[in-house]
Amino acid sequence: MKTEADSQSLPAAGGIDLLVVFHDSRRTLDAFLASLGHISIPVSAYFLDNASQDGTFQELRDWRNRKTPFSFPRTLMSSDRNLGFAAGVNRLARQGNGEYLFLLNPDAELEPQCLERLLGAALANPGAGICEARQAPREHPKAVDPLTAETTWCSGAAALIRRKAFEEVGGFDERLYFMYCEDVDLSWKLWLRGWRCLYVPEAVVRHWTQDLTPGKSRRLENYFSFRNSLFLYHRFGRPEDRRLIWRFLKSRFFSRRYSVRSKLLFAIALADYIRYIPVLVKDRGQWKNRHPWVRLEETSLSRE
C-alpha cells in the first residue's frame, strides 16, 4: 500500500474535520486533549458532548477558550440527551465541509504522526473510503491483506473517512445503531459501493477500551453488541451464515460462561432486534450484493 509518513511533504487536502463525541469522558479528557498536540496539519475540530454528568462539557468549554500550544478552529456543541455515537457523528459531520472526516474516540490518545500517516494513505489511495489507525495496546482481531492493506472493516475509534464516501452511503445508520457495530455496517456499505477499507499500521493511537478499564461495567456493551450483531446478520448475511447465527445464539443463551443476568439482558436485546426487523427488511435489497471482504465471521458473531 502506498503511504506517506512525512507531514512536511503531504500534498494539500481539501480540509480535515476532527469529529469527537463525548459522554462522561472526564477521566480520559486531559490525556486525550494533550495528545491533539501531536497534530501538525490543519484541522477543524467539532466536538459534541452527549449529556455528560461528570463535568466533561465544562472542561471542554474551558479548553476551547484557553490558549494552547496548538491552535485550530474549535466548535463545541452539547446535547441534553445522549444521542449515541452514530447520531452524534452524523450531527458533527453536518457542521463542517472538509474533504475528510477524522473520527476519534475520547478514550484514545494520538501518537505522533498518526493523522498525518492516515492522510498520506488516503491521498496515495484515492479509492480508499476509510483508513484505520492501529490501536494499541490491543487490536481488533480481523484479517488484513499484507500487500494491499485492505481489511474487512475499520473501527471508528480512530479513522480517516473521505466525506464523499461517507455521504454516498448515508453516513452512520442512526436508526439502528446507538453504539457498537455501526463502524462495521458503514465499512461494509463502503465495500459494496466500490470503496476500499484500509488498515494503516504506521498510524498509531492508544485506545483505552472499557475492557482495559478495571471495574467498568460492560452491561451496555453486552446489550448493544448482541443486538447490533443480529442487525449485521439480517442486513448482510447469506444462507450459509445460518450456522454462524445459531452458534452465536446458542453460546449466549446456553453457555455457562454467561450469568443469568447476562442471559436476561441478551433476551431483552433479542426482543429489541425483532422490533427492528421491518426496518431491516425494507432496505435489505440495496445491500444484497456479495463482496469478499464482507465477513460476518470476523465480527462478534463468531466470538464465544
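Helices and strands here are DSSP runs, numbered from the N terminus. Keep that numbering in mind for the whole tour. The model is predicted.

**Stop 1: the cavity**

Select helix 2 (56–65) and strand 3 (74–79). Each supplies at least two residues to the lining of the largest cavity. How many cavities of 30 Å³ or more does the structure hold? One. The volume of the largest cavity is about 30 Å³.

Now show the lining as sticks: Phe 47, Leu 60, Trp 63, Arg 64, Arg 74, Thr 75 and Leu 76. Color them by class. Four are nonpolar, one is polar and two are charged.

**Stop 2: helix 1**

Move to residues 26–35, which form helix 1. Select Thr 28, Leu 29, Phe 32, Leu 33 and Ser 35; these residues are buried. Turn the view to look down the helix axis. The buried residues fall within an arc of 145 degrees, so they line one face of helix 1. A general point helps here: an α-helix has 3.6 residues a turn, so residues three or four places apart point the same way. Next, pick Arg 27 and Ala 34. Both are exposed, on the other side of helix 1.

**Stop 3: helix 7**

Select residues 219–236. This is helix 7, with 18 residues. Put a distance between its first and last C-alpha atoms: the helix reaches 26 Å, close to the 26 Å expected at 1.5 Å a residue. Is helix 7 largely enclosed or largely open? Of its 18 residues, 15 are buried, so the rest of the structure largely encloses it.

**Stop 4: the cysteines**

Show the cysteine sulfurs. How many disulfides are there? The count comes to zero, where a disulfide is a pair of cysteine sulfur atoms within 2.5 Å.

Start with Cys 114, which is in no disulfide. Its nearest cysteine sulfur belongs to Cys 131 and is 11 Å away. Cys 114 counts as buried because its relative accessibility is 1%, and the cut-off for buried is under 20%.

Then go to Cys 154. The nearest cysteine sulfur is that of Cys 197, 4.7 Å away, and Cys 154 is in no disulfide either. Cys 154 is buried too, with a relative accessible area of 0%.

**Stop 5: a cis peptide bond**

Zoom to the bond from Ala 136 to Pro 137. This peptide bond is cis, with omega near 5 degrees. As a rule, most peptide bonds are trans. Where is Pro 137? It lies in the loop between strand 6 (128–136) and strand 7 (158–162). Pro 137 is exposed, at 52% relative accessible area.

From Pro 137, draw a line to Leu 301. The two are 164 residues apart in sequence. In space, their C-alpha atoms are 23 Å apart.

**Stop 6: two positive phi angles**

Finish in the loop between helix 5 (163–168) and helix 6 (182–192), where Tyr 180 is found. Cys 181 has its place in this loop as well. Check the backbone angles. Phi of Tyr 180 is near 75 degrees, a positive value in a residue other than glycine. Phi of Cys 181 is also near 75 degrees. In general, most residues other than glycine have a negative phi.

Now switch on the surface. Which of the two terms, buried or partly exposed, fits Tyr 180? Tyr 180 is partly exposed, with a relative accessible area of 26%. Cys 181, by contrast, is buried, at 11%.

Terms used
Residues are numbered from 1 along each chain as its sequence is written. This is a predicted model: local features need pLDDT of at least 70, side-chain atom pairs count only at pLDDT 80 or more; totals for chains, interfaces and linings use all residues. Side-chain values use heavy atoms; hydrogens and water are left out. On a 1 Å grid over the protein atoms alone, a cavity is a set of points where a 1.4 Å probe fits but cannot get out, and a pocket is an open set with protein on both sides within 12 Å along at least five of seven lines; lining residues have an atom within 4 Å of a point. Grid points are joined across faces, edges and corners, and a volume is the space filled by probe spheres set on the points. Helices (H or I, at least four residues) and strands (E, at least two) are DSSP runs, numbered from the N terminus. Ala, Val, Leu, Ile, Met, Phe, Trp, Tyr, Cys and Pro count as nonpolar, Asp, Glu, Lys and Arg as charged, and the others, Gly among them, as polar. The expected span of a helix is 1.5 Å times one less than its number of residues. Buried means under 20% relative accessible area, exposed over 50%, partly exposed in between (1.4 Å probe, protein chains only). The arc is that of the directions from the helix axis to the C-beta atoms.
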